[in-house]
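Reader: Hello! Could you take me on a close look at one part of this protein, the second largest pocket, and then show me what else is worth a glance?

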Amino acid sequence: MQNVQGFSKDFLWGGAIAANQAEGAYDAGGKGLSTADMVPYFDKKDYVNLKELMHVTSDSIQKAMAHRSAEGYPKRYGIDFYHRFKEDIALFAELGLKVFRLSINWPRIFPNGDDLTPNEEGLRFYDEVFDELRKNNIEPLVTLSHYEMPMNLVLNYGGWAGREVIDHFVRYADTVMNRYKDKVKYWLTFNEINTTIIEPFTGGGIVEDRVENPMQASYQALHHQFVASSRVTKLAREINSEFKIGCMLARMIHYPATSKPEDVLQTQIDNQLNLLHTDVQVRGSYPPYMARYWAEHGVSVHMEPGDLDLLKQHTVDFISFSYYTSLVSAVNPEEYGVTGGNLYSTIRNPNLPRTEWGWQLDPIGLRVALKEMYDRYQLPLFVVENGLGARDTVEPDGSIQDDYRIDYFRQHIQQMKEAVMDGVDLMGYTSWGVIDIISASTSEMSKRYGFIYVDQDDHGKGTLDRYKKKSFGWYQKVIASNGEDLD
Ligand code: BG6
């Protein structure tokens, strides 16, 4: 029997960030504007309607494009990782990270997305980052697309709904995979690929008021991302046979609100709609349940000859996913109270505590998700996002006593370990975000995830100095003991 004792000895303990939430320097080094640069800060009182929070319109884009400063657009300034990455990587090394997940900011390499030659200054920046990681014995895990689509592709190609975007993405992937072929081994194509359906602008660069039928456009965009992903996987294997390519899903595990068969059926449908993405990227074909769903929703996805063969032939090596919370399904959801969640709101589960932002905390759900995905696919899994967004207080002595974060990680890592002992093949775990960064959904700084505190407020004010939180020492111990010491 394997792994009954816990994590394998080469388990990849790590941390994660995304370029658009950390780098800042939104217009430095020849970088073009991305979808993330369009999202302004506004004082959100309603943390339930996340879709609303991340939503942009033609009008808000026009305003953002004309706004030539980072002020009021927190993702444009991030935490200045662009200039401080050496200092940050030194802290990651001290923490003991074996792997660091980051994304390449697509418009840093191809400012307009459709440029024929890459921006050398952008390429050089990631050379330096990867070299610094290697110097510190940290393996990079690179996401090619983490909500950072060049705005030119949004405005002039219809985002991912435009077929030509596939070629532009493949050229970008080809460029960076060739450039970094000796520096990066692990690649993810699209972060939380299901975001394209849930929040079409963030995931697919689709401006909903510019299309007749947003659902149709979203599934078309998703199909193009599947095809792009397969083409990139094929290419990756030609560039370096040692590469490992993963897909990435926001795993939204649904529980039934009651044991009524109608609710159980609805739960199954909701779980299938989530697993559609991994079904395609792992099994290599659209699952049979989609045909009826599309027909009933007036969706007709155009596929070119050869697309389905590509999907079949170039499937991924491993499955990565984010896990923050479980969701609840009911056939009559309006009968229940709702709460916030990862990317969208959900029915309130009375059995679970919630964060200040309404996200329900469910460590056991992580074990359920791991077991269920391994049962379904029997491919190595990688948890590439999991973490607690919380408000931290700096004490007068400068310390940050984030015991709530330690509790959160302890419980999730414990459940992950149980899943490994249940037989799940788990490659690694990268906590989100290992250092405080700008929140994806609310653009706040005060919703903090890190083991490392960054002195900056919601309006970009602060020294940007980095401090170790209490959880830093705790995670350091977890890594050093390979997950044995969780006290
Ligand atoms: C995931 C995203 O959905 O959740 C991250 O991939 C994001 O980019 C994370 O930061 C946490 O969400 P938020 O909105 O709290 O930052």
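Author: Happily! The lining of the second largest pocket divides into 5 nonpolar, 3 polar and 3 charged residues. Please keep in mind throughout that this is a predicted model. The pocket has a volume of about 250 Å³. If you want to find its walls on your screen, look for Leu-265, Gln-266, Ile-269, Asp-270, Gln-272, Leu-273, Tyr-289, Arg-292, Tyr-293, Glu-296 and His-297. Two elements each give two or more residues to this lining, namely helix H13, which covers 261-283, and helix H14, which covers 289-296. Helix H13 supplies the largest share of the lining, with 6 residues.

By class, you can sort the walls yourself. The nonpolar group takes in Leu-265, Ile-269, Leu-273, Tyr-289 and Tyr-293. Asp-270, Arg-292 and Glu-296 are the charged ones, while Gln-266, Gln-272 and His-297 count as polar.

From the open pocket, let us turn to the enclosed spaces. The structure holds 6 cavities of 30 Å³ or more. About 100 Å³ of space lies in the second largest of these cavities. Its lining is made by Asn-20, Thr-35, Ala-36, Val-39, Met-54, Lys-75, Tyr-147, Phe-201, Thr-202 and Ala-440. Sorted by class, that lining has 6 nonpolar, 3 polar and 1 charged residues. The charged one is Lys-75.

Ala-440 is a handy bridge to the ligand, since you will meet this residue again there. A backbone N or O atom of Ala-440 lies 2.7 Å from an oxygen atom of the ligand. Two acidic residues also reach ligand oxygen with their side chains. For Glu-192, a polar side-chain atom lies 2.6 Å from an oxygen atom of the ligand, and for Glu-385 the corresponding distance is 2.8 Å. Taken alone, the ligand exposes 380 Å², and the protein buries 98% of that. There are 14 residues around the ligand, and those that come nearest are Gln-21, Glu-192, Ser-441, Lys-447 and Tyr-449. The shell as a whole divides into 5 nonpolar, 6 polar and 3 charged residues.

A few single residues also reward a look. Arg-405 sits in helix H17, which spans residues 403-421. Arg-405 counts as buried because its relative accessible area is 0%, and the cut-off for buried is under 20%. Although 64 residues separate Arg-405 and Lys-469 in sequence, their C-alpha atoms are 9.8 Å apart in space.

The backbone offers two further points of interest. Most residues other than glycine have a negative phi. Ala-25, however, has a positive phi near 50°. You will find Ala-25 in the loop between helix H1 (19-22) and helix H2 (50-54). With a relative accessible area of 16%, Ala-25 is buried. Gln-378 likewise has a positive phi, of about 50°, although it is not a glycine. Gln-378 is placed in the loop between helix H16 (363-377) and strand S11 (381-385). Unlike buried Ala-25, Gln-378 is exposed, with a relative accessible area of 55%. Strand S11, at one end of that loop, covers 381-385, and Glu-385 is the residue whose side chain lies 2.8 Å from a ligand oxygen.

Terms used. Residues numbered from 1 in each chain as written. Predicted model: local features only at pLDDT ≥ 70, side-chain atom pairs only at ≥ 80, totals over all residues. Heavy atoms only, no water. 1 Å grid on protein atoms, 1.4 Å probe; cavity = no way out; pocket = protein on both sides within 12 Å on 5 of 7 lines; lining within 4 Å. Points joined across faces, edges and corners; volume = space filled by probe spheres on them. Near = heavy atom within 4 Å. Polar contact = N/O pair within 3.5 Å; in protein donor to acceptor, adjacent residues only side chain to side chain. Areas by Shrake-Rupley, 256 points an atom, 1.4 Å probe, with all protein chains shown as cover. Helix = DSSP H or I, 4+ residues; strand = E, 2+ residues; numbered from the N terminus. Buried < 20%, exposed > 50% of the residue type's maximum accessible area, 1.4 Å probe, protein only.
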